Each structure stands twice: as structure tokens, then as C-alpha cells.
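Dear colleague,

Please find below the structure that I am handing over to you. My notes on what was found in it follow directly after.

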Amino acid sequence: MIKVLKTLILSLLASPMLFAQHSLDELINTARIHHPQQAQMALIKESTELKLKEISGAYLPQSTLGGQATWQSEVTSISIPLPGIDIQPPPQDQYKLTLDLQQNIWDGGLTAARKAQAKTDQVVQENSIATELIKVEEQVSQLFFGAIIADKQRTNANLLLDDLQARMKVVKAAVENGVATRPSLLDLRAKELELRQKMAEIDQMKKSVMESLSLLTGKTLDSNTPLSEDVFTSGSEGENNRPELAFLSAKQSSLLVGEQLIKAKNAPKLALFATGGYGRPGLNFLARDFSPYFIGGVSLKIPISHLYTGGQKTEIQQLQVAQKQLDAQKEGFLLATEIQKSKQENELERLRQLISGDDELIDIREQLIRTAETQLDNGVITSADYLVELNKLDQARQNKAIHEVQLLQTRQNIRLLLGQ
């Protein structure tokens, strides 16, 4: 028997769930990783890598294989008679097969701008997803604090039940000895039943909350899973790291790259080209036989239409207007955040003062309930009088529990507000 008990104790001590506590930060990070949106991060990165690989192909020679067969109603001919020379006109059916090669020497920075655009697009998409994941953090936080308040309420209910059961034993003995009446015991019994109903309700709420947390995080969590409150700092300082700001900054970067792209499209382009072919006629348009031929050189293209249409200037002005709109959005977001932060900091101070008062009030209520217990045991007051004092103590404890959780939640609200 001793051996069995020893084995049981060792197995319990070895259980990681016995002492492991899950912090809010841990659950938030797990929920972010588990959320389907997170999978898009890898897909976005993969898509960008493929796009960059495609764009890099512009540095390689561009080749085109072409063929053509034609019939002409008229061909070039020389009708001037020359002594001893008979110049036959080329055939009316003509054929050619060509391979064209072009190697960019300078594309005006177009390829570099396209690469930069692909990278900034990736950052915009990633920050857009990060913005969506803030909602996941808020969900996890709400559920976490729901579980914490359930734990505190359960603890208070247990304390209340212990006090109540102790008094019921005394009153029951008094009823059996004819010192107290049965209704006094029934009052306490009714209160016990109400308390057990409340505890069952708390347990059900905790179960529901933990099931939701389990779905969000992908972890196996239940009502017995311990949660740690020791994850918060008082700091509401620090810069604003909200993903919305990073998203707006990424969009601004994308607009700057867009301006570079517009200028690059209208910049001079310099390239080498070569064409190798086989056909009839070749480069000698009077030849009647099939022959190979080759052409090579340098090409220069200078777009000039934007100089008189004003297209480039208009496009850049549109981007500049969009930049100013994003600046206004950032300023508005920062102002709204600062207002919310100020409200939350004031709420923190209010809750600290309430908790300080709660401690003092609970101390007084505990003294009063001890007095009421003695008076009830001695028949000075009725069970109804005792329950009035017990309910007041219970309410004071509940208020403190609520205020403590609200304090933690307010701190977390500030962290979420600043993206910390």
C-alpha cells in the first residue's frame, strides 16, 4: 500500500501540468502562431521570393524565336538592261526564321525599382495581417481575464462556504440541545444551497472560457489549467509599436518606391541586340536562294511623350497627395491612441485607490463577522442577522477581486494600445 502511494505521489510530482502555469503572453503568442492568418506570412514571403526571381530575369538576355512565310504581289526588280548581266528578281514567296537577342545595359533603374516595389508590397501585406492579429490578442486577453475572475470568485466562494459550514455545525448542535430554533438552521442551509449554485455557475463559466482559449491557442486547456497573473509591469511608457503604424509606414514606403518606378519607366534605356536568321532572301534582297544572316548593334530608347503630356508629373503629384493622406491618418491614429492611453492611466489610478479601500473594508468586515459568529453562537443574534454580515463580507471580497482583475486588464489594455 505504501509503495502504491509513493508511486502515485511521484507520478503527480512528475506531471508538468501540476505546476506549469500559462501566462497571458504565452497564450497570446501561441494563439497568434495557431491562427490561420499566420500561415499567410510564409505564403507572402514565398510569393515575394518568386516575384523577385522573375524580376531578376530582366538582367538576363531576352530571346525571341520567330518565323514568317509571305507571298508578295510584287518584288523589287531592276528593269535597266546591262550588257552581260542578267539580274533576276527575287521570288514572290519569301521565308525567314530568326532568333532575336537583347541584353539590357541600362534600364533606367526599372528592374531595381520593381524589386523594391515587391519588397515593400510584402511588408504592407505582413503588417496588414499583423493588424488583423491584434483582434486575436484582444480575444485571448478577454478570455484570460474571464478565467482569472472566475478563479477569484471560486476562491471567495470557498472561503464563504467554510465560514458558513462552521456556523451550521454550531447552530445544528444548538438546535439539537434546544438552544436554537430550526428556522435558524434552515436559513443557513438555504444560503449554503445558494452558494453551491453560484459555485456551479462559476465552474461552468470557467469551463466555457477555457474551452474557447483552447480553440484559439490549439493547446489542451481545461478548468484545472493554472493561469499566471505575474506577467504584467506597471509600465505604460514606451513608444507606440502598433502594427497599424507599421502598416501606414509601409504604405508610405511603397508610394516612394512607386515614384522611383514612374521615373524609371520614363528614363532612357540602352541595350545590345542581335538577330540571327535564315531565309529567302537573306540580307541581299535580290538573292533567290536561302541563306543565313546576322545583324547586331546597340539600341537607345528615350521616352519623350511624358515631357509634353505631363503624365509623369501628374502621377508623382498623385503619389504625393496619397503620402499626405497617410500622414494625416498616422497623426489621427496617434492622437486617438494618446487619448485612450490617458483614459486607461486614469483608470489605473482609480482602481489602485479602490483596491486600497477594499483591503481596509475587508479587514473591517472580517472583524464584524467574527463578532457576529460569536453572537450567533451565544444566541445574541439570529442567523438572518449573521447572514447579513456574511453577505457584506462576501460583497467586499468580490469587489476587491473584480477591481484586481480590472487593474490587470487595464494594464493589458495599455500594452495592447501601444502594441507592446
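**Salt bridges between the helices**

At a relative accessibility of 10%, arginine 167 counts as buried. Please bear in mind that the model is a predicted one. The side chain of arginine 167 meets that of glutamate 373 in a salt bridge, with 3.5 Å from N to O. Arginine 167 belongs to helix α5 (residues 110–176) and glutamate 373 to helix α9 (residues 311–377), so this pair ties together parts that are 206 residues apart in sequence. Glutamate 373 is likewise buried, its relative accessible area being 10%; the cut-off for this class is under 20%.

Glutamate 373 has a further partner, arginine 370, and their side chains form a salt bridge at 2.4 Å, N to O. These two residues are three positions apart in helix α9, which means that about one helical turn separates them. Arginine 370 is partly exposed, at a relative accessible area of 36%.

The pairs above are part of a wider arrangement: a network of salt bridges links Asp163, Arg167, Arg370, Glu373 and Asp377.

Helix α9 also takes part in a salt bridge between aspartate 359 and lysine 400, whose side chains meet at 2.6 Å, N to O. Lysine 400 is located in helix α10 (residues 383–418) and aspartate 359 in helix α9, so the contact ties together parts that lie 41 residues apart in sequence. Aspartate 359 is partly exposed, with a relative accessible area of 36%.

In general terms, side chains of opposite charge can pair when their charged atoms come close. Across the whole structure, the search finds 23 salt bridges. The protein carries 46 positive and 51 negative side chains, and 3 Å separates the centres of the two sets.

**Overall architecture**

The protein contains 10 helices and four strands. Read from the N terminus, their order is α-α-α-α-β-β-α-α-α-β-β-α-α-α. The radius of gyration is 41 Å, well over the 22 Å given by the globule rule for 420 residues, so the protein is more spread out than a compact globule. The C-alpha trace spans about 155 × 60 × 35 Å along its principal axes.

Of the 420 residues, 36% are buried. The exposed surface of the protein comes to about 25200 Å², of which carbon and sulfur atoms supply 56%. Among contacts with a separation of 6 or more, 83% are accounted for by residues 24 or more positions apart.

**Lysine 301 in strand β4**

One residue outside the helices may also be of interest to you. Where does lysine 301 lie? Lysine 301 is found in strand β4, which covers residues 291–301. Is lysine 301 buried or exposed? With a relative accessibility of 56%, lysine 301 counts as exposed, the threshold being over 50%.

Apart from its neighbours within four places in sequence, lysine 301 is in contact with Ala267, Pro268 and Lys269. Lysine 301 and asparagine 104 are 197 residues apart in sequence, and their C-alpha atoms are 11 Å apart in space.

Yours sincerely

Technical notes
Residues are numbered from 1 along each chain as its sequence is written. This is a predicted model: local features need pLDDT of at least 70, side-chain atom pairs count only at pLDDT 80 or more; totals for chains, interfaces and linings use all residues. Side-chain values use heavy atoms; hydrogens and water are left out. The radius of gyration is taken over C-alpha atoms; the globule rule is 2.2 Å times the number of residues to the power 0.38. Buried means under 20% relative accessible area, exposed over 50%, partly exposed in between (1.4 Å probe, protein chains only). Contact means heavy atoms within 4.5 Å. Accessible areas come from the Shrake-Rupley method with a 1.4 Å probe; for residues, only the protein chains shown count as cover. Lys and Arg count as positive and Asp and Glu as negative; His and the chain ends are not counted. The place of a charge is taken as NZ of Lys, CZ of Arg, CG of Asp or CD of Glu. A salt bridge is a side-chain nitrogen of Lys or Arg within 4 Å of a carboxyl oxygen of Asp or Glu.
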